[in-house]
Each structure stands twice: as structure tokens, then as C-alpha cells.
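Reader: Hi there! Could you take me through the disulfides of this model in some detail, and then say a little about the strands?

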Amino acid sequence: MNTLTNSHNSMLILLFLLITSSFAHIHADPYDTPIPPAKGSNPAAPPPSEVAGKEFPPQSFLCNDPLTKCYGKNITCPSQCPVFKPTNATAKGCFIDCMSTKCEAICKNRKPNCDGIGSACYDPRFVGGDGVMFYFHGKTNEHFSLVSDLNLQINARFIGRRPEGRSRDNTWIQALGIMFGSHTFTLAANKVAQWDDQVDQLLFTYDDMPVFIKEGLLSTWSAPDSDLAMERTTTFNGVTMTLPGVVEISVNVVPITKEDDQIHHYQIPSDNCFAHLEVQFKFLDLSENVEGVLGQTYRPDFQSPVKRGVPMPIMGGEDKYKTSSLLSSNCKYCIYSSEFSDDAKYLMLDHSTKTVDCSSKMSNGRGVMCRR
């Protein structure tokens with residue numbers, strides 16, 4: 001009798017193990033990685049593009065806008081950067097520009113390229129839409145229009161100090177103010193005495209209300225009543241702002257380091273590391289009349305007045321582009337209007353020429369200049 005009972009129990013245990021094994025197989029991860037542990041223990045399994053030992057096809061994008069040069073072509077990312085948004089902040093992402101002449105994807109860092117077209121970094125040093133580098137010093141605690149177009153206004157707040165014995169301020173861009181339609185957005189670096197790479201120092205507002213964007217690579221935020229979107233490109237202090245069809249802005253917050261201070265003799269005080277922005281713009285819809293410190297360099301008829309070949313070519317124009325606040329368009333040369341619409345813009349165009357060439361000299365994808 002005991003033998004039969006033991007045999008029966010063994011059969012039940014075996015049946016239980018088989019059922020358990022089958023259930024686990026049905027619910028296994030489709031990429032054959034371990035099932036993520038319970039919440040509160042270890043991090044969840046990585047996304048498919050990061051699964052160890054697995055290869056996934058590169059991402060691709062179909063250019064479906066008939067006004068682009070690559071219309072109808074499906075462009076695939078190269079193996080060197082197979083995904084658009086890598087989960088490693090130091091890895092290069094895949095960028096596809098449907099207006100490029102070759103209709104090929106390229107690999108680029110998602111951080112601002114301070115030597116690329118449309119950049120504004122350092123004290124502050126710009127690279128214009130014409131590819132010419134120049135400095136625009138502005139003035140401490142004042143605001144200047146970087147871009148003023150019919151449907152877009154981008155201002156910058158400058159911070160800085162005048163070292164003893166110097167004839168001018170050393171300045172840096174501390175904040176950006178963006179106006180489009182009836183909306184406003186600000187992005188600023190917080191004032192901090194001692195810099196810590198593991199502490200986020202970015203501040204945001206949308207329509208005068210504070211905005212919180214969760215810390216962490218690829219965290220996102222979208223405006224509730226417009227197309228504006230934000231995404232973190234690093235865990236802390238790096239973001240990309242996108243206004244589809246208008247502009248993309250890559251931003252990093254950086255401090256003045258002790259090494260910078262020693263090299264340039266800024267005489268930085270101990271209570272302020274002058275955290276500031278490194279910025280790169282990609283413009284997608286500028287008119288031929290665009291103004292602003294940077295915007296003017298995208299005009300098809302712009303002739304740069306800066307001296308070439310000198311260590312610090314200076315671009316003037318403080319009187320032309322000074323605004324009364326971060327969110328105002330009252331500079332002498334500003335042309336932005338919050339009431340401006342796409343229909344009005346179309347009516348202002350010369351209908352005798354319907355072809356638009358946006359390739360220009362912006363073949364690196366970091367800026368676009370359109371000519372009719």
C-alpha cells in the first residue's frame with residue numbers, strides 16, 4: 001500500500017513540475033532573457049536593442065513628405081549607429097534628414113556639437129548658418145534675440161562678470177526663452193556654487209508654469225496643447241527640445257571649471273560656478289527675412305561682417321537685438337508676431353516661384369536654409 005502511495009505522490013510531483021515548466025515557457029521573455037524581477041528588487045530587463053548576445057535589424061525611416069528630396073525612400077540606419085535613441089548616453093544616434101542630397105543616415109552624438117552649424121557655446125561663441133564662427137558678448141544680466149522670425153522668437157539671457165582690469169564682461173548663455181504662436185517656453189541653468197554631475201540643474205516653464213521632466217535618459221515631456229516636446233539625452237543636464245517642422249534644440253548645462261578659470265582668467269568667485277548652456281539649433285522653417293544674432297546668418301543674402309582669421313571675430317549688434325526680457329520680442333530688428341499663422345505666411349510668399357530648395361550649405365543636417 002505504501003509503495004502505491006509513494007508511486008502516486010511521485011507521479012503528482014512529476015506532473016506538477018511539467019505544468020510549471022510549460023507555464024514558464026509560455027510566459028518567457030520573447031528575447032530569451034530572464035524574466036524581470038519583482039518591482040523593488042533589481043532593474044527590469046533592458047530593451048531589445050540592448051539585449052546581450054542578440055542582434056536586431058537597424059531602424060529605418062520612410063520619407064513620406066512629398067516636399068522633401070528623399071520622398072518615397074526608406075532610409076536605414078548604419079550598423080555603427082543602428083538606433084535613433086541609444087540607451088547609452090555616450091553612444092551615437094542615427095539621424096535621418098529627408099532633405100539631404102544623398103538620402104543617407106548619419107551617426108551623431110545627441111549632445112550639442114559646439115563646432116557645428118547653429119551652435120552657441122562658451123563665451124558665447126556661435127557658428128552661423130553660413131558656417132562662419134563669431135563671438136557675441138552681449139552684456140551681463142541682459143537679454144538678446146538669437147532668432148526672430150515671423151513664427152518663432154528665441155531669446156537668450158546672458159550672465160557673466162567683468163574681471164578686474166578688463167574692459168568688457170565675460171558672458172555666457174544662462175537661459176533660453178522661446179515664443180511660438182500663443183505659447184512660451186523657457187529653459188534655464190540653475191545658479192549653483194559647486195558643480196555636481198549627478199545633480200540636475202535644468203529649470204523649465206511652459207506658458208509661465210513650471211514644468212517637471214523626470215530625471216533619466218530618454219525621459220520625455222509633451223505640452224498638453226501644442227506640439228512642443230522635450231526629451232532627456234543624458235540622465236542629468238542634457239535635453240532636446242523639438243517643435244516639429246520648426247526647430248530642434250539640443251542643450252547641455254555645464255559649469256565654468258577650475259581649468260577654464262585658470263586658462264581664461266575669469267576670476268570666478270567661490271559662490272557661483274556660472275552654470276550655463278551649450279546649445280545647438282536645427283532650424284526647419286526659417287523665412288528669408290529671419291533676424292537675430294544667429295538668425296540673420298541664415299538669410300540667403302547675409303554677408304558676415306566679422307573679420308576672418310583673427311582669434312576672436314566679434315559680431316556686433318547689441319543695440320539691434322536687445323530685448324527687455326527673456327520672453328519679449330521688442331528688439332529694434334525683431335519681426336516675430338504671435339498672431340502670425342501658416343496661412344498668412346503662405347499669402348506673403350511670392351507665388352510666381354513655387355519651388356523651394358532647402359539643401360543649401362546645411363548638408364550636415366544641423367541647419368537648413370531655404371531659397372525660392
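Author: Happy to; here is a walk through the disulfides, followed by a sheet. The model is predicted, so local features are given at pLDDT of at least 70 and side-chain atom pairs at pLDDT 80 or more, while totals for chains, interfaces and linings use all residues. Residues are numbered from 1 along each chain as its sequence is written, and side-chain values use heavy atoms, with hydrogens and water left out.

A disulfide is a covalent bond between the sulfur atoms of two cysteines. Here the term covers a pair of cysteine sulfur atoms within 2.5 Å, and the structure holds six of them.

One of them joins Cys 70 and Cys 103, with the sulfur atoms 2.0 Å apart. This pair links distant parts of the chain, 33 residues apart: Cys 70 sits in the loop between strand 1 (60-62) and strand 2 (74-76), and Cys 103 in the loop between strand 3 (93-95) and strand 4 (106-108). Strands here are DSSP runs (E, at least two residues), numbered from the N terminus. The link of Cys 70 and Cys 103 has -100° about the S-S bond and is left-handed. Both Cys 70 and Cys 103 are buried, a word that stands for under 20% relative accessible area (1.4 Å probe, protein chains only).

Another disulfide is formed by Cys 77 and Cys 94, whose sulfur atoms lie 2.1 Å apart. Cys 77 belongs to the loop between strand 2 and strand 3 and Cys 94 to strand 3, so this pair ties together parts that are 17 residues apart in sequence. With -90° about the S-S bond, the link of Cys 77 and Cys 94 is left-handed, and Cys 77 and Cys 94 are both buried.

Cys 114 is joined to Cys 121, at 2.1 Å from S to S. The torsion about their S-S bond is about -85°, so the disulfide of Cys 114 and Cys 121 is left-handed. Cys 114 counts as buried because its relative accessibility is 8%, and Cys 121 counts as buried because its value is 1%.

Now to the sheet. Eight strands form an open sheet in the order 7-6-5-18-17-16-15-14, with antiparallel pairing; strands pair if DSSP finds at least two bridges between them. Strand 7 (133-135) and strand 14 (220-222) are the edge strands, each pairing on one side only. Within the sheet, strand 16 (residues 238-243) and strand 17 (residues 247-254) pair in the antiparallel sense over six bridges. Thr 242 stands opposite Glu 248 in strand 17.

Technical notes. Helices (H or I, at least four residues) and strands (E, at least two) are DSSP runs, numbered from the N terminus. Buried means under 20% relative accessible area, exposed over 50%, partly exposed in between (1.4 Å probe, protein chains only).
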